[in-house]
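The following exercises, each with a worked solution, concern the structure shown below. Please study the sequence and the structure before reading on.

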Amino acid sequence: MPRSRRRLAAYVAAGTLLAVVGVAVGGVVGVTQTDAGRDWIRRRLLAAVTPNVRGRLYIGAIRGGLWSGVSVDSVELRSADDSLVAAAGPVHVEYALRDLLNKRILLRRVELERPVIHLRQFENGRWNYNGLFKTSRDTTPKQGPGFGDFIVADSVRVRGVQFALTLAWHPADSLHGARRDSAIRVALAGRTQGGAEIRRAGRYYNRTYRWSGDLDVPAMRLARPDSAGLRFQVARLDLDETDPPFRWRRIRGDVRIVGDSLWATFPHWDLPGSTGVARAKVVWGSDLPIRWDVRVHGDSVSLADVAWVYPTLPTTGGGTMDLAMHNRRTDLHVIEYALSNMDVRTTRSRLTGAMTFAVGGPVLGVQDVDVALRPVNWDLLRTFNGKALPYDFQGTLTGTVKARGGPVNRFAVDDAQITYDDAHVPGAQSRVRLAGALDILRPADTRFLGVHVQDAFVDLRTIEFLNPSFPRLRGVVTGSTTLDSLYTDVRLSDARLTHVDGPGAPTTLTGGGRVTFGEGPTPTRYDLTLNAEPLSFTTLARSYPLVSVRGTYAGPLRITGATDSLGLVTTLRGAGGTLAYDGIVNALDPRYG
């Protein structure tokens, strides 16, 4: 063939090759660089994926060249009943094409705006994502790694995430009949501790936990052949939690998820007024409530961040403490918040020691109390009470409280030793040691449930200052008794009380009865059956100087009525003979009544 013809053939071949390459490049550009081409890819992708989804998948408009990254306006996944499982938008992803060709999903950068995830567990234990995707029945062994075996992201930025977890909810198994119905009404009204979100779902009930916030993850592993589970290195997490209600800020650390278990280590976290470190393990599944094991050290804890635990907890002040959060072994629905190494200052008071709050039962539980009052001002007790006390106590309480505790309507105290320094009466000091049970469900209506008072030492000047209708007795009263009923309408039993005022024989009274403390102009009323063992007229005369009898007399006393008009029936015998009386006494008048 002549050289000119060969040269012409070469030109034609080269031109044809260039044309083919040009057409191919033009086709690729047309597909990847135009809206029409990217929409064609979106439709082809949906056509390939949708048959494997038992629900509804939506993919919005695609932007970008697809060679090194892509942006999607929105993505939404719904279950077969059309309820939302996950959604996000816009989503931006950057990658290297060579990694995809090697069946590796290595994302250089991921940005998610407003992702929404809602995981829901039904009454039968199934989840809304179970069966959402059809699984392949191909049993042919895989030859080498495939897509999905390697998924790693170097930089993930999430803004405005909303995550919800809905679980089946049941009232405590111990509740039946009216008590169970009452617990359900309280739960549905959102009046549980922390305001748990509990809703009716047909014949059943659900409890929803919600989290929202922003997240920066410099390294994330979703799948890797040489590693198990998911792993996230968190540079910063700002999270608002509804149940319990916390506003976490600047959390950083490491999170690992394997199967139905999560492990987390956070060397730093902040709440609005608190900061510290934490580690946690969380387990779900197995048709059981979420199992928590969280350990937190609070370098600086604000009571405003944890006051949701109980309606009348103070919201000012704070301190340091360690917190262990876990499920109660005998009832996984109850979450216990165990405080230890506590040193808290609030409302002119300081408390140290340990105690545990139990949330999730029919009523709040407070247990394992071992607290020192260093000291506690009455301002703190007024805060706990939720309103003013019947009497204007002022001053401080020092001592220790050790209590097994329990539900606040049956709070068991093992040993409390308390000293009261009265600010109203300089030098007046009273002390008491007690054990028994209290109903403090409504602190303003505290009830004694068999409280044994021992080693009591009461300066009567304190009572006389607080209660003008109390008898004008000088000195102190010591002894022991058992208290029942409302603290403003108290029943006494097994009392042994001794009145001491100066030298000489004291008065000792045994027995019991009822004392109803009056407020304001209302006088205190008594209904007492006592025995004088003995009654010392010599000591009594120091308070009522016109009493002419001296010496000690023994016998029964029946006392009823108000302080200024006491009905007194007695027959006393002593060295001077027998003294009988059946009449009215005005114990407010230091002269005669």
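**Exercise 1.** Determine what share of the contacts between residues at least 6 apart in sequence joins residues at least 24 apart.

*Solution.* The model is a predicted one. Contacts in the protein chain between residues at least 6 apart in sequence are taken as the starting set. Within that set, 47% join residues at least 24 apart.

**Exercise 2.** Describe the protein chain as a whole by its secondary structure, burial and surface.

*Solution.* The secondary structure consists of seven helices and 33 strands. The chain has 593 residues, and 41% of them count as buried. Its accessible surface comes to about 31400 Å²; carbon and sulfur atoms account for 57% of this area.

**Exercise 3.** State how strand β8 pairs with strand β5 and with strand β10, and give a residue pair for each.

*Solution.* Begin with β5 (residues 84-88) and β8 (residues 116-120), which pair in the antiparallel sense over two bridges. Here Ala 87 is opposite Val 116 of β8. Next, β8 pairs with β10 (residues 156-169) in the parallel sense, over five bridges. In this case His 118 is opposite Ala 164 of β10.

**Exercise 4.** Identify the residues that touch the most other members of the largest nonpolar core, and then list the contacts of Ile 559 beyond four places in sequence.

*Solution.* The largest nonpolar core holds 106 residues, and Val 255, Leu 364, Val 369 and Ile 559 touch the most other members. With neighbours within four places in sequence set aside, Ile 559 contacts Tyr 526, Asp 527, Leu 528, Leu 530, Leu 566, Gly 567 and Leu 568. A second, separate core has six residues, among them Trp 169, Ile 184, Ala 187 and Ala 196.

Conventions
Residues numbered from 1 in each chain as written. Predicted model: local features only at pLDDT ≥ 70, side-chain atom pairs only at ≥ 80, totals over all residues. Heavy atoms only, no water. Core = buried A, V, L, I, M, F, W, Y, C linked by side-chain atoms within 4.5 Å. Buried < 20%, exposed > 50% of the residue type's maximum accessible area, 1.4 Å probe, protein only. Contact = heavy atoms within 4.5 Å. Pairing = 2+ DSSP bridges. Helix = DSSP H or I, 4+ residues; strand = E, 2+ residues; numbered from the N terminus. Areas by Shrake-Rupley, 256 points an atom, 1.4 Å probe, with all protein chains shown as cover.
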